[in-house]
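This briefing is meant for a reader who is meeting the structure for the first time. It takes up the metal site, then the two other ligands, and finally one strand and its partners.

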Amino acid sequence: MKTIRLTTAQALIKFLNQQYIHVDGEEIPFVEGIFNIFGHGNVLGIGTALESDPGHLKVIQGKNEQGMAHAAIAYSKQLLRKKIYAITTSSGPGSANLVTAAGTALANNIPVLLIPADTYATRQPDPVLQQIEQEHSLAITTNDALKPVSRYWDRVTRPEQLMSSLIRAFEVMTDPAKAGPATVCISQDVEGEAYDFDERFFEKRVHYIDRKPASDRELKGAAELIKESKKPVIVVGGGAKYSEARDILVEFSEKYNVPIVETQAGKSTIEHSFKNNLGGLGITGTLAANKAAQQADLVIGVGTRYTDFATSSKTIFNFDEAKFLNVNVSRMQAYKLDGYQVVADARTAFEALTPMLEGYVSEFGDTITELKEEWLAERDRLSEVTFSREGFVPEIKNHFSQEVMNEYADALGTEFAQTTALLTINDTIDPDSIIICAAGSLPGDLQRLWHSSVPNTYHLEYGYSCMGYEVSGTLGLKLAEPTKEVYTMVGDGSFLMLHSELVTAIQYNKKINVLLFDNSGYGCINNLQMDFGGGSYFCEFRTDDNQILNVDYAKVAEGYGAKAYRANTVEELKAALEDAKKQDCSTLIEMKVLPKTMTDGYEGSWWNLGVSEVSDREGIQKAYEFKQEKLKNAKQY
Ligand SMILES: Cc1ncc(C[n+]2csc(CCOP(=O)(O)OP(=O)(O)O)c2C)c(N)n1
Ligand SMILES: O=C1C[C@@H](O)[C@H](O)[C@@H](O)C1=O
Ligand SMILES: [Mg+2]
């Protein structure tokens, strides 16, 4: 056996350079680079290993561990999980900051390699700086907090463990059914320890992503279910996008006149202009998609997890009548809602299924077009919402009085409605540019209103809906799509929570555009509390003496070195967007938008929330009674 003497950290970097994936006949390096924030736990081990030989890895310094991990997640998600960035952090707080990001990657099934430093394997200097000391177990470190949010987790306390640990990590990350965060914690002393590694460990390693075909039995059963159905509806989930199933789904839908509805992760698998694409489904769905879903007698879920947002907490479908046919690479997902399971790659399954249905046509007839036209008229209305100082009826009704709406208009110096601003952006930015969002009221507006003309230009992290993903993720988006304009849609709450990677984008000249919707508050949560009978309680940004907070975010961005704009009218916004396109540097457009001017729900978009069973507020009592009514027709599991 030929060996090579390396430190654990050197072996890690050498190995990362040799990982490839093979998809549809193409072989590409899997690890593009490594984000780092160095601390005492990783600067001398992984830091010096990278300094001496990073190989092809791009090395990027982050500003917040969560932020840089979110950038890595967005990078991989945008590239349909074909490439990753790794993350190296120090131990203790540096690794604790990864927990939120790991949850984001896990909920969205996105591969990312997390390499937090760990406490001393020898325990000689214990307790080291930042070591939490658990009295009942010295074996527990901060990194154990990453276990529940990792798809794979390991601790390396001897150099030679690295070999089996990394092979397993890459097997997990490159499996479409299991893809998610792989966490390999390395004791900080072990990073610098040397070992005679078997040279074969560093040979080029190709991970094959084969498209799993459906079995004959699965296909026969699926074809029978479809032929028996009168009104099937296809739910396009993230798995359809990752499988690149656009063409065959369009062919299937056109041939058999089957409407298509989308989840957040599935949106932009198929462009909005496809005639049978009715847009977003569920709580944040369109009128058209939700109406079609209610009529369905067969729901064909393609790569969807059927989250409560997509199913309106299991109330949107007619569960007495509707059957479910689930095409998913994951067996666990395919089992949901008592569906008929086709455990297969979406594209391959539909390529086999489509020819088996010759002669079939759904009974939707012209209804699909009619539903779409009805919705497009509503969308047009939302593009022109204009505020007035008297008698203004916002989309979110009966929450704020006209007086309070006027107070916001005065305090923020704006009369801009959120839906008008959003649709102005949709009309003005280039169709091949990519938008990203994650939390707040914007995901709902986007899923309903945004028209993606080009596939894979709509990037929503709505598996975890993690505030802070928006700006951080945009950096990852730009790394994945360097030639395109990338825009984040972010609320003031999310922006405040985390936007540190804007500085990283500026530092490395990766142009990102931040579109900041400032309504001075946690708007969507304020809507929730008031919708469910509560008052306006700690969701507006008000001072102790009840003044509305007005932050100059444009100035903040200017301070970082971005080009900033203030746009509170359609004209100002169009001008800012056009000018931003011409810039080489990152930009931020601050829009002050009025609260309550985001979209409301449509047709069956109910959400099962933990309403108080006992309350002295009449509104809350009513909300609770309504919930009990809704649950009577809901699927129980
Ligand atoms: C990390 C994290 N913390 C808390 C939440 C819960 N949450 C969801 S939306 C929201 C408020 C978002 O406010 P903002 O970004 O201003 O958007 P708006 O609703 O006002 O449009 C909160 C607190 C979350 N999704 N993520
Ligand atoms: O609680 C929430 C409510 C949703 O409207 C929002 O988009 C999401 O971010 C969230 O966490
Ligand atoms: Mg807000």
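**The magnesium site**

In this predicted model, the magnesium ion (ligand 3) is coordinated at 2.1 Å by Asp 492 through OD, by Asn 519 through OD1 and by Gly 521 through O. The points below begin with these donors and then turn to the other topics in order.

- Read along the sequence, the donor residues of the magnesium ion (ligand 3) follow the spacing D-x26-N-x1-G.
- Asp 492 and Asn 519 link distant parts of the chain, being 27 residues apart: Asp 492 belongs to helix H20 (residues 492-497), while Asn 519 sits in the loop between strand E21 (513-518) and helix H22 (523-531).
- Asp 492 has a relative accessible area of 2%, and because buried means under 20%, this donor counts as buried.
- Asn 519 is likewise counted as buried, its relative accessibility being 6%.

**Ligand 1**

- The surroundings of ligand 1 consist of 15 residues, and the closest are Ser 441, Ser 465, Asp 492, Gly 493 and Gly 523; among these, Asp 492 is also a donor to the magnesium ion (ligand 3).
- A polar side-chain atom of Ser 441 is found 2.6 Å from an oxygen atom of ligand 1.
- Two glycines approach ligand 1 through their backbones: a polar backbone atom of Gly 521 lies 2.9 Å from an oxygen atom of the ligand, and a polar backbone atom of Gly 523 lies 2.7 Å from an oxygen atom of the ligand.
- On its own, ligand 1 has 590 Å² of accessible area, of which the protein covers 78%.
- Helices H20 and H22 are the elements that give two or more residues to the shell around ligand 1, and H20 provides the largest share, with 4 residues.
- Sorted by class, the shell around ligand 1 holds 9 polar residues, 5 nonpolar residues and 1 charged residue.

**Ligand 2**

- Around ligand 2 are Ala 439, Gly 440, Tyr 462, Ser 465, Cys 524, Ile 525 and Trp 607; of these, Ser 465 is also listed among the closest residues to ligand 1.
- Gly 440 places a backbone N or O atom 2.6 Å from an oxygen atom of ligand 2.
- Two side chains also take part: an N or O atom in the side chain of Tyr 462 is 2.8 Å from an oxygen atom of ligand 2, and an N or O atom in the side chain of Ser 465 is 2.5 Å from an oxygen atom of ligand 2.
- Taken alone, ligand 2 exposes 290 Å², and the protein buries 72% of that area.
- The shell around ligand 2 contains 5 nonpolar and 2 polar residues, with no charged residues.

**Strand E7 and its partners**

- Strand E7 (residues 112-118) is largely enclosed by the rest of the structure, because 7 of its 7 residues are buried.
- Both faces of E7 are covered, with Val 112, Leu 114, Pro 116 and Asp 118 buried on one side and Leu 113, Ile 115 and Ala 117 buried on the other.
- Strand E6 (residues 84-89) runs parallel to E7 and is joined to it by 4 bridges, with Pro 116 of E7 as the bridge partner of Thr 89.
- Strand E9 (residues 181-187) also pairs with E7 in the parallel sense, over 5 bridges, and in E9 the bridge partner of Ala 117 is Ile 186.

How values were computed. Residues numbered from 1 in each chain as written. Chains lettered and ligands numbered in written order. Predicted model: local features only at pLDDT ≥ 70, side-chain atom pairs only at ≥ 80, totals over all residues. Heavy atoms only, no water. Donors = N, O, S within 2.8 Å, 3.2 Å for Na, K, Ca; no water. Buried < 20%, exposed > 50% of the residue type's maximum accessible area, 1.4 Å probe, protein only. Near = heavy atom within 4 Å. Polar contact = N/O pair within 3.5 Å; in protein donor to acceptor, adjacent residues only side chain to side chain. Areas by Shrake-Rupley, 256 points an atom, 1.4 Å probe, with all protein chains shown as cover. Nonpolar A, V, L, I, M, F, W, Y, C, P; charged D, E, K, R; others polar. Pairing = 2+ DSSP bridges.
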